[in-house]
Amino acid sequence: MSSFPSSQPKRLTRSQDRWIGGVAGGVAEYFGLDPILVRVLFIASLLLPGPQVLLYVILWFVMPNSGA
C-alpha cells in the first residue's frame with residue numbers, strides 16, 4: 001500500500017452542494033474553501049462592475065457535474 005496521493009489531477013466540477021447550479025460549491029471544493037465563503041464573495045462582487053453573472057452562467061454550462 002502506498003501513502004502517496006492519487007496521481008489523478010484535480011478537476012473543476014459542479015458540486016452536489018448546490019444552491020444555483022453548483023458552480024460556487026465546485027469552485028470551493030477545487031480550491032479547498034468553504035462554499036459559503038465563495039457564495040458571499042460572489043454576491044459581494046456583484047457590487048463591482050464586470051461580467052460576474054455572465055461568467056457564472058458560462059461556468060454553469062461548461063463545468064461538468066461531479067461524479068459523487
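**Exercise 1.** Against which helices do the buried residues of α2 pack? Identify these residues in the predicted model, and establish how they are arranged about the helix axis.

*Solution.* Begin by listing the buried residues of α2, which are Pro35, Val38, Arg39 and Ser45. Viewed down the axis of α2, these buried residues fall within an arc of 125 degrees, and they therefore line one face of the helix. This can be set beside a general property of helices: with 3.6 residues a turn in an α-helix, residues three or four places apart point the same way. Next, turn to the other side of α2, where Leu41 and Ile43 are exposed. Finally, follow the contacts made by the buried residues of α2, which pack against α1 and α3.

**Exercise 2.** Determine which residues of helix α1 are buried, what they pack against, and which residue just after α1 takes a positive phi.

*Solution.* Helix α1 spans residues 23-31, and its buried residues are Val23, Ala24, Gly25, Gly26 and Ala28. In the next step, examine their partners: the buried residues of α1 pack against α2, which covers 35-45, and against α3. Then move just past the end of α1, where glycine 32 adopts a positive phi of about 70 degrees.

**Exercise 3.** Locate methionine 63 relative to the helices, decide whether methionine 63 is buried or exposed, and list its contacts with residues beyond four places away in sequence.

*Solution.* Methionine 63 lies in the segment that follows α3, the helix of residues 52-62. Its relative accessible area is 4%, and since buried means under 20%, methionine 63 counts as buried. Leaving aside residues up to four places away in sequence, methionine 63 touches Leu12, Thr13, Arg14, Val23 and Gly26. Two of these contacts, Val23 and Gly26, appear among the buried residues of α1. For threonine 13, compare the two separations: threonine 13 and methionine 63 are 50 residues apart in sequence, yet their C-alpha atoms are 5.3 Å apart in space.

**Exercise 4.** Describe the chain as a whole, stating how many helices and strands there are, what share of the residues is buried, and what share of the contacts links residues 24 or more positions apart.

*Solution.* Start with the elements: the chain contains three helices and zero strands, in the order α-α-α from the N terminus on. Proceed to burial, where 26% of the 68 residues count as buried. Of the contacts with a separation of 6 or more, 44% come from residues 24 or more positions apart. Last, consider the surface: the chain exposes about 5300 Å², of which carbon and sulfur atoms supply 70%.

How values were computed:
Residues numbered from 1 in each chain as written. Predicted model: local features only at pLDDT ≥ 70, side-chain atom pairs only at ≥ 80, totals over all residues. Heavy atoms only, no water. Helix = DSSP H or I, 4+ residues; strand = E, 2+ residues; numbered from the N terminus. Buried < 20%, exposed > 50% of the residue type's maximum accessible area, 1.4 Å probe, protein only. Contact = heavy atoms within 4.5 Å. Arc of directions from axis to C-beta. Areas by Shrake-Rupley, 256 points an atom, 1.4 Å probe, with all protein chains shown as cover.
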